[in-house]
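Work through the exercises below with the structure open. Each task is followed by a worked solution.

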Amino acid sequence: MTIAISYPESPDLTADDYIVLGLATCFVKEDGEVHQIEVIEPIPSAALEAIMKGIPTSYKLALATTLGSILNGDQVSKPTNFPESAQFADEFGLRLFAAARTYKRREVTKSLIPLGTTYTELNYSTERKRVLNAARVVTKDDNVKQHSHTHKVL
């Protein structure tokens, strides 16, 4: 039986739709110090395919589940496999629905992690830190110096 999710912008999705959630190790910069946090975020099908090929990833584990097990109306529930300290990613609802649509388009990806399974054999690495609140400050030194004849017709 298919149950419609009451989300006004996503009438195409149901509670039975497949989704993969990842537990990522991320970092937050506060007062000049970098703190490690664990974030629960949806993994789109293209990212899952790349991760399953062995590229280094900040994900410790990936859980294949359904939208209905994560969403109950407008309430989001944390899967039991995830630590209590883990927090949901920013704009989790929007990203969840967007990722769910990728699995509807690319059905073959669902076979990588069977429904209800937690996959932990990922190439976990924090060598390249994912800093969530990093701000890029552009300065005059960032300008590319061009040769004086670049814009002249010779």
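**Exercise 1.** Find the salt-bridge partner of Glu41 and say what the pair links.

Solution. This is a predicted model. Start at Glu41. Its salt-bridge partner is Arg95, with the closest N and O atoms 3.0 Å apart. Next, place both residues. Glu41 sits in strand E2 and Arg95 in helix H3, so the pair ties together parts that are 54 residues apart in sequence. Now check exposure. Buried means under 20% relative accessible area. Glu41 has 2%, so Glu41 is buried. Arg95 has 32% and is partly exposed.

**Exercise 2.** Which strands form the sheet, and in what order?

Solution. List the strands across the sheet. The order is E6-E2-E1-E3-E7, five strands in an open sheet with mixed pairing. Then look at the edges. Strand E6 (87-88) and strand E7 (118-119) each pair on one side only. Now take one pair from inside that order. Strand E1 (residues 18-30) and strand E2 (residues 33-42) run antiparallel, joined by 10 bridges. For one example, go to Leu21: its bridge partner in E2 is Pro42.

**Exercise 3.** Describe how helix H3 packs on the sheet, and name its buried residues.

Solution. Begin with the contacts. Helix H3 (residues 92-105) touches E1, E2 and E6. The direction of H3 makes about 140° with that of E1. Then check the length. H3 has 14 residues and reaches 20 Å from its first C-alpha to its last, close to the 20 Å expected at 1.5 Å a residue. Last, pick out the buried positions. They are Phe92, Leu96, Phe97, Ala99, Ala100, Thr102 and Tyr103. A general point helps in reading such a list: an α-helix has 3.6 residues a turn, so residues three or four places apart point the same way.

**Exercise 4.** Which salt bridges do Asp12 and Lys104 form, and what do these pairs tie together?

Solution. The whole structure holds six salt bridges. Take Asp12 and Arg101: their closest N and O atoms are 3.0 Å apart. Asp12 lies in the segment before E1 and Arg101 in helix H3, so this pair ties together parts 89 residues apart in sequence. Asp12 is partly exposed at 37%, and Arg101 is partly exposed at 25%.

Now take Lys104. Its partner is Asp17, with the closest N and O atoms 3.5 Å apart. Lys104 is in helix H3 and Asp17 in the segment before E1, so the pair ties together parts 87 residues apart in sequence. Compare the exposure classes. Lys104, at 36%, counts as partly exposed, whereas Asp17, at 10%, counts as buried.

Conventions:
Residues numbered from 1 in each chain as written. Predicted model: local features only at pLDDT ≥ 70, side-chain atom pairs only at ≥ 80, totals over all residues. Heavy atoms only, no water. Pairing = 2+ DSSP bridges. Helix = DSSP H or I, 4+ residues; strand = E, 2+ residues; numbered from the N terminus. Contact = heavy atoms within 4.5 Å. Axes fitted to C-alpha atoms, helices over the stretch in contact; angles between N-to-C directions. Expected span 1.5 Å × (residues − 1). Buried < 20%, exposed > 50% of the residue type's maximum accessible area, 1.4 Å probe, protein only. Salt bridge = Lys/Arg side-chain N within 4 Å of Asp/Glu carboxyl O.
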